[in-house]
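Work through the exercises below with the sequence and the model side by side, and try each task before reading its solution.

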Amino acid sequence: MRSFFFGAGRRLYGTLHEARGSARSTAVLLCSPGVQEYNMTHWAFRKLAGLLNREGLHVMRFDYSYTGDSDGDVADTNLTHQVEDIATAAEELKDQTGLRRVAVIGMRLGAALATQAVARGLRAESLLLWEPVFHGVDYIHDLERLDTEVSMRRLHEVHEPRLELGGYPFPGQLRDALAGIALKMHVPKSAGQVAMFLAEESPEATETELLWKRTGVPTRVKVVREQSGGVRHGAGIGDSAVLYTEMLDAIAGELAGPRAVAA
Amino acid sequence: MKEHAVTFGAAGNLSGILCEPEHPVPGAPAVLMWNVGIHHRVGAFRVWVDLARRLAEAGFTSLRFDLSGMGDSEVRRGGDQDVERKADLDEAMAFVTRRTGITTFAPVAFCSGIDQLHDLGLRDERVVAMGYIEGYAWRTPGFWLHYPKRYLNPALWKERLEHLDERQSLQRFKRFFKPRAALKLDPESVEAAGGAAMFARHRPDQGQFAADLRRLRARDVKLFFAYFGLDTDFNHPAQFEEMTGMAPSDDVRLFYLGAADHILFRTAHRDATVIETCAWLKHRFGRRATGEVPVTAPAPKLAVG
């Protein structure tokens, strides 16, 4: 595991997990969820990187601008910048590994942002969307519900309008930008294939699959039942961690096909 | 401010961010920060990033890092967890000294990180200041006198009823994050994550803690305590002296935010804590203008929410 800052202008923090043994010819970029869900999935992403390494894949995680150790304050979050960050990170991954082919895995908001990056021209051999945000409005409602839960548990009052969510600033311009997300409208034309990984069947996924297929993008939906884990330690945003087993195995397995070792 | 992604430790297994100021304060200690609970080194709601960058503006160098097996740090092979944690902190200090020349330290910890902080301060004389954020607390008679106030907020009860439907519908959202009552880790999962695993805690009893603080003060270690009153075991400023027998002073600074919760879920409370922690360090070690007389000790600040 090797960590570094990269990017011109906004400095981004990245971590490269190098494959064990002979590497495949495709490297993998992991796009984490939005900041409210980031800390509790950090461990799961690290585990996923380890599983992919075992399959001979180089993997890079990174922090979007305004999150983690990257530049910027959460209050200034700009989704357009974060979509650009994905393209920047993909280039960095290519430079770090010497590989030209990249697969992209995004979770929740990260899946929506990765889809936008691929729709704007980022070439991805595979685009794997893990519980993607289909509609920004629903995502905001999810965050509001979770915010209420934690607020109540922590004995806080909830004030409307909510200028923070999940423990982070949530300014109006971010709310507006998120509300405008409609996953299916961003057809990831530069993806060799798309697979959506969900814990349950979803009409939005089916609708998106059909629409993207009609535009010529090979798209599949995979439902993965998390039998043994997907464990959340604690019960709220910011003070918990999520662990997965079957879902991570399924995602890693998707990229684990026959090896085409890099020259 | 310059931030560097660094790898250090005898085995090269530890990962962190060294944050250096443009204009360092001569002789100031380096601030150390590490994991809060199971969060990686950015801390709950990125609090350590905010603190490190504010400290750099004030001239302080800091290292925020992941303990072995957590966040981006690799597991340390061999030895029990207590030994590992001591080695992690020793290697962090050695790295900072080698890289910057700074030989004294002001570790700041939050919640479960207090365990390592307290042990470090007691055993290592390079530690000249310590910040305990939501550290050890014991319920005193004064705590129980104040306790009912916690639930005497009509707005809170009204909201609980208003949001009942919303809380019930949370279950739909939780499918993304499948909760379970007990945490199960299969060995393969742990191994795949590079050995990252859960942690165990060790804390002194109340009498031992009070004695330990006296030891630290006998060494003239400057102490800072931040306590939050909303959902915790600490609910009024006088509880500190009730617990420890030690009155707040300029050398034992107490910052109390009655309206804040244990994890600093509200940004205003987080910002206030970051500002106050930084102000404490600036007051104790900060830059003084040429010829300036050292600042007279202010009264301990009590921000009661």
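For the first exercise, count Ala, Val, Leu, Ile, Met, Phe, Trp, Tyr, Cys and Pro as nonpolar, Asp, Glu, Lys and Arg as charged, and the others, Gly among them, as polar. The model is a predicted one.

**Exercise 1. Describe the second largest pocket by its volume and its lining.**

Solution. Begin with the space itself, whose volume is about 400 Å³. Next, turn to the lining, which is made up of 18 residues, with A:Asp73, A:Val74, B:Arg46, B:Asp50 and B:Asp271 lying nearest the centre of the pocket. Two or more lining residues come from each of strand 8 (168-169) of chain A, helix 1 (47-57) of chain B and helix 11 (267-285) of chain B. Finally, sort the lining residues by the classes given above, which yields eight nonpolar, two polar and eight charged.

**Exercise 2. Work out which strands pair with strand 4 of chain A, and in which sense.**

Solution. On one hand, strand 2 (residues 12-17) of chain A pairs with strand 4 in the antiparallel sense, over four bridges, and within this pairing A:Gly14 has A:Phe62 as its bridge partner. On the other hand, strand 3 (residues 26-31) of chain A pairs with strand 4 in the parallel sense, over three bridges, and here A:Leu29 stands opposite A:Met60. Then consider the faces, remembering that in a regular strand the side chains alternate between the two faces of the sheet. In strand 4 (residues 59-62) of chain A, A:Val59 and A:Arg61 are on one side, A:Met60 and A:Phe62 are on the other, and all four are buried, so that both faces are covered.

**Exercise 3. Identify the residues with the most contacts inside the largest nonpolar core.**

Solution. This core has 49 residues, and those with the most contacts inside it are A:Leu29, A:Met60, A:Phe62, A:Ile86, A:Leu109 and A:Leu178. Helix 4 (residues 109-119) of chain A supplies the largest share, seven residues. Following A:Leu178 outward, and setting aside neighbours within four places in sequence, one finds contacts that include A:Leu79, A:Leu109, A:Ile140 and A:Phe170. A second, separate core has 43 residues, among them B:Leu32, B:Val96, B:Leu223 and B:Phe225.

**Exercise 4. Is A:Ala199 buried or exposed?**

Solution. First locate A:Ala199, which is in the loop between strand 9 (194-198) and helix 7 (203-214) of chain A. The relative accessible area of A:Ala199 is 6%, and because buried means under 20%, A:Ala199 is buried. As a last step, compare positions along the chain and in space: A:Ala199 and A:Val224 are 25 residues apart along the chain, while their C-alpha atoms are separated by 5.2 Å.

Conventions: Residues numbered from 1 in each chain as written. Chains lettered and ligands numbered in written order. Predicted model: local features only at pLDDT ≥ 70, side-chain atom pairs only at ≥ 80, totals over all residues. Heavy atoms only, no water. Core = buried A, V, L, I, M, F, W, Y, C linked by side-chain atoms within 4.5 Å. Buried < 20%, exposed > 50% of the residue type's maximum accessible area, 1.4 Å probe, protein only. Contact = heavy atoms within 4.5 Å. Pairing = 2+ DSSP bridges. 1 Å grid on protein atoms, 1.4 Å probe; cavity = no way out; pocket = protein on both sides within 12 Å on 5 of 7 lines; lining within 4 Å. Points joined across faces, edges and corners; volume = space filled by probe spheres on them.
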